[in-house]
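Q: I'm new to reading structures, so please walk me through one part closely: how helices pack against each other. After that, feel free to point out some other local details.

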Amino acid sequence: MTEITATSTAYTSKELVTDQDVRWCPGCGDYSILKQVQTVIPELGIPKEQLVFVSGIGCSSRFPYYMETFGMHSIHGRATAIASGLKAARPDLSVWLVTGDGDALSIGGNHLIHLLRRNFDVNVLLFNNQIYGLTKGQYSPTSEKGKVTKSSPMGAIDHPFNPLALCLGAESTFIARSMDRDPIHLRTILKRANQHKGTSMVEIYQNCNVFNDGAFEVFTEKSSKAEETLFIEHGQPLVFGANKNKGIKLDGFKPTIVELEGNSVNDLWIHDETDRVKASILTRFFDDPAKEGHLPRPFGVFYTENRFTYEEAMEQQLQESLSKGEGDLDALLRGNNTWTVA
Amino acid sequence: MNKTIELKKDVTILFAGDSGDGIQLTGTQFTNTNALFGNDLSTFPNFPAEIRAPQGTLAGVSGFQLHFGSIEIYTPGDDCDVLVVMNAAALKANLKQLKQGGVIIANIDGFDPKNLKLSKYPDGVNPLEDNSLANYKVFKLDITKMTKAALADSGLGIKEIDRTKNMFVLGFILWMYNRSLDNSLNYIKEQFKKKPEIVEANTKVLKAGYHFGETSETFMTRYQVEKATMKPGTYRNIMGNQATALGLIAAAKKAGLQLFYGTYPITPASDILHELSKHKKFGVKTFQAEDEIAAVASAIGASFGGALGVTASSGPGIALKGEAIGLALMLELPLVLINVQRGGPSTGLPTKTEQADLLQAIYGRNGESPVAVIAAQSPSDCFDTVIEATRLAVEHMLPVFFLSDGYIANGAEPWKFPQSSELPTIKPVFATINSKTEDGKYLPYKRDEKLSREWAIPGTKGLEHRIGGIEKEHETGNISYDPANHEFMVKMRQAKVDKIADYIPLQTIDSGGAKGKLLIVGWGSTYGSITAAVKQALAEGLEVSHVHIKYLNPFPKNLGEILNNFDKIIVPEMNNGQLVRLLRDKYLVPAQGFNKIKGIPFTAKEIKDKIDEVLAN
Ligand SMILES: Cc1ncc(C[n+]2csc(CCOP(=O)(O)OP(=O)(O)O)c2C)c(N)n1
Ligand code: SF4
């Protein structure tokens, strides 16, 4: 392995742009996410050559080709497994994983849950557009029931995944949600993801304006955003609404919406990122925005936990073995029982 | 008592019993003792597919065959001279393996009505009593009773006592072949270090078995198998999977690379994982992935990071890895792919051997996806061959298949192990900042005279670049859908594999002349049977030669020339005819297949008979 001597932590966003033409459809939410990533990364103090972007297959997975870092565009669903091997071999690298809802939750579902439980220190950016973009518009595992697409002319009959609930169930140590249309929030979350040691799972609502335009409109459009979204912050009460006039209160385990008028902020649910049970309830804020009395959709860091990463544990066992003396190849080849023929 | 000693050149002995009878241990211990004594030998364990098949049934029979001698030994033996059976099922399952006039040593406790019924002998029939074994020399021992007697005052429970039965058998066999108990005594001491009462019990029973031979009036003859004349040097005994694991550690060390082994358990490949996971002090990282796809993908990730990425499986798992292998060859990263073949298709015969994945290795992926393929021919040869697979993968930057199979993976033989200093050095070529072009660009797919590219690993300043599985432009690696470029790249990847022929040894002739009437062409684990058969035929003055191909893709450059020097070509394979197709396809020679697809290896006799038949026509 080459010795890394000089590092290069000083670079601009522009230097993260490659000479390749970006091939996403005009108006695609992927552009904004790329822009936010390119904006945030130079602020993280990571030498450029230590950055690796690994992706699977899908529109979103073209991402590495547009990042002037090390990158691999792999095969459908397996970026998680590739990143696991890379991180196991090279704990020193900063590994970012770009995947879609089909890539991560359908074909790659198995690898995703295992990545999370093992807690490799990688940052997962899950571009959720609730559709298969690259294959031109079939329903995905996050498409809502009844979704009419090319492959479901009478409406999808699959019940969709709730991605963050799934990830929490898979022992994830960091789950967060953001969206393509809120650059400031997305940048904050990206930074938080980078800070977290362990697998950081960031679900990003991304508009596919060609095959699923407006899927997240209620959360992104000015007219409805304030009423339909809930931006959560550690230590802060759960407040939302156009005039910050609504809050969430916990009634036992049941979240209820209360008007702030007449209720003290102190009675509201205070967000605690380290509370797994409450995080689990938060991931269940997932009902159909058209339904009467539905809860707003949370954005922000739901849950975070410090747990040993796989690569740390692996290194530790290695060091423990090495501390008793490095392996002697000749002794290994010789084994315990030999005989000599003169 | 005055006992006679009869000299034997070689002996084949088969230990058989219930999976729980400790048969594998008895076999291994007897093997090691003979190896230490200086015999040449070859072994073949035969496991049932079920872990704990009902006791006493035919499905639960486990066997261990050992062929040892003062002469050169190439196979675990066609037929047995001696059959040791712990119960009726073991006799029923293995009697056909015993030579006429051979010796049967039977534990009569295993022939009680219950055992006879479980092994499906007709009501009232006991083969030990009905004279049906008149053509064999049968010795009936009440091993269970004698074991109990030996441990009468030990204070151990019935179960624990019963578990030491195999030591009685071992002790007795050691007596019969005039061997010392020392190696087994040491083993017992080491194995049960923490349980002195168990050490004592096993020692007692082992000695009781030996003593029984000495004093019994039934056994008046002992046998002596002298040392073999082997090449001078220091030897050890080694199994194929173990040799593969050691070879990987050695190869990584010789290449100066970290070894990363990503795999998912599967018979008969899992023992490589078990072995490697013990050797962390060599810096080995083993990763038990969630499935075979993740296993190969993790190895690719590790290779991308500059480690030696290795993955292993058997047929069904290799099928799952197909897409990712295609990715690795598009990325042009080193990847060692181990296939310990077993009977297929689908789950097939998990514990049986076969050579039916050759075409899968060469062709089994979508698109034009050439990779290098090499095969080991014996347990110890796994060591050299997996090092060679690593050399090709690292120096030519591509996936290389290393084919082994259940037969050599679990088989053992003496190995004149090398000094680490004698092993070939493997030279990875890493890209550095100097790899950039004059105008400061880095071309990840710029090729050298081998048509190979440099290994540009993350962390190397200034070499940031992207690679992927989508068709790429020559040299730059950028995505390209250009028709002419695709055709160019497909041919380039083929040329790159073909080019390896310039960097591997020429094909040699294993035995026989360079020209003649008949050539036997083999690959992989058939080496032993073919060698034994051809040597015998040559001794009888027959005009036959043997070529054994290690490099299956690409073939050695002179292979066609050799094939053309013979009137007839026979290709014995444990499959329905795979190498034979490749040879016919590439060299347009009238090669004929000779196939055995029974989950068990060829016997030397089967091949010798074929030679006789072909030469008679
Ligand atoms: C093994 C395999 N199966 C199927 C495909 C086809 N395929 C490519 S991308 C894709 C789905 C992409 O959806 P998503 O992951 O949501 O990404 P998006 O394109 O929406 O960003 C499919 C089915 C493939 N490339 N490989
Ligand atoms: S198909 Fe959809 S997701 Fe894909 S690039 Fe176009 S807009 Fe984006």
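A: Here is a tour that starts with helix pairs and then moves on to ligands and backbone oddities.

Keep in mind that this is a predicted model, where local features need pLDDT of at least 70, side-chain atom pairs count only at pLDDT 80 or more, and totals for chains, interfaces and linings use all residues. Residues are numbered from 1 along each chain as its sequence is written, chains are lettered from A and ligands numbered from 1 in the order in which they are written, and side-chain values use heavy atoms, with hydrogens and water left out.

Let's begin in chain A with helix α1 (residues 30-40) and helix α6 (residues 183-195), whose axes come within 9 Å and cross at roughly 50°. (Helices are DSSP runs of H or I with at least four residues, strands are runs of E with at least two, both numbered from the N terminus; axes are lines fitted to C-alpha atoms, for helices over the stretch in contact, and angles run from 0 to 180 degrees between N-to-C directions.) Because of that angle, α1(A) counts as oblique to α6(A); under 35 degrees is roughly parallel, over 145 roughly antiparallel, 65 to 115 roughly perpendicular, and the rest oblique. The crossing of α1(A) past α6(A) is right-handed, meaning that the near helix is turned clockwise from the far one by less than a right angle, while anticlockwise would be left-handed. On the α1(A) side, I33(A), Q36(A), V37(A), T39(A) and V40(A) make the contact, and α6(A) brings P183(A), L186(A), R187(A), L190(A) and K191(A); contact means heavy atoms within 4.5 Å. Sorted by class, this contact has six nonpolar, two polar and two charged residues. (Ala, Val, Leu, Ile, Met, Phe, Trp, Tyr, Cys and Pro count as nonpolar, Asp, Glu, Lys and Arg as charged, and the others, Gly among them, as polar.)

Also in chain A, helix α2 (residues 79-89) packs with α4(A) at an angle of about 35°, the axes being 8 Å apart. Here T80(A), A81(A) and S84(A) of α2(A) meet H111(A), L112(A) and L115(A) of α4(A), giving three nonpolar, three polar and no charged residues.

Just after α4(A), in the loop between α4 (109-118) and β4 (122-128), sits N119(A). This residue has a positive phi of about 65° although it is not a glycine.

Over in chain B, helix α1 (residues 23-37) and helix α7 (residues 182-191) have axes that come within 9 Å and cross at roughly 130°. So α1(B) is oblique to α7(B), and their crossing is right-handed. L25(B), Q29(B), N32(B), T33(B) and L36(B) of α1(B) touch N183(B), S184(B) and Y187(B) of α7(B), which comes to three nonpolar, five polar and no charged residues.

Chain B also has a cis peptide bond between T267(B) and P268(B), with omega about 0°. P268(B) is in the loop between β10 (259-263) and α10 (270-277).

Finally, ligand 1 lies between chains A and B. Of the 17 residues around ligand 1 (a heavy atom within 4 Å), C59(A), S60(A), G102(A), D103(A) and N129(A) come nearest. An oxygen atom of ligand 1 is 2.7 Å from a polar backbone atom of C59(A), and an oxygen atom of ligand 1 is 2.9 Å from a side-chain N or O atom of S60(A).

Notes: Polar contact = N/O pair within 3.5 Å; in protein donor to acceptor, adjacent residues only side chain to side chain.
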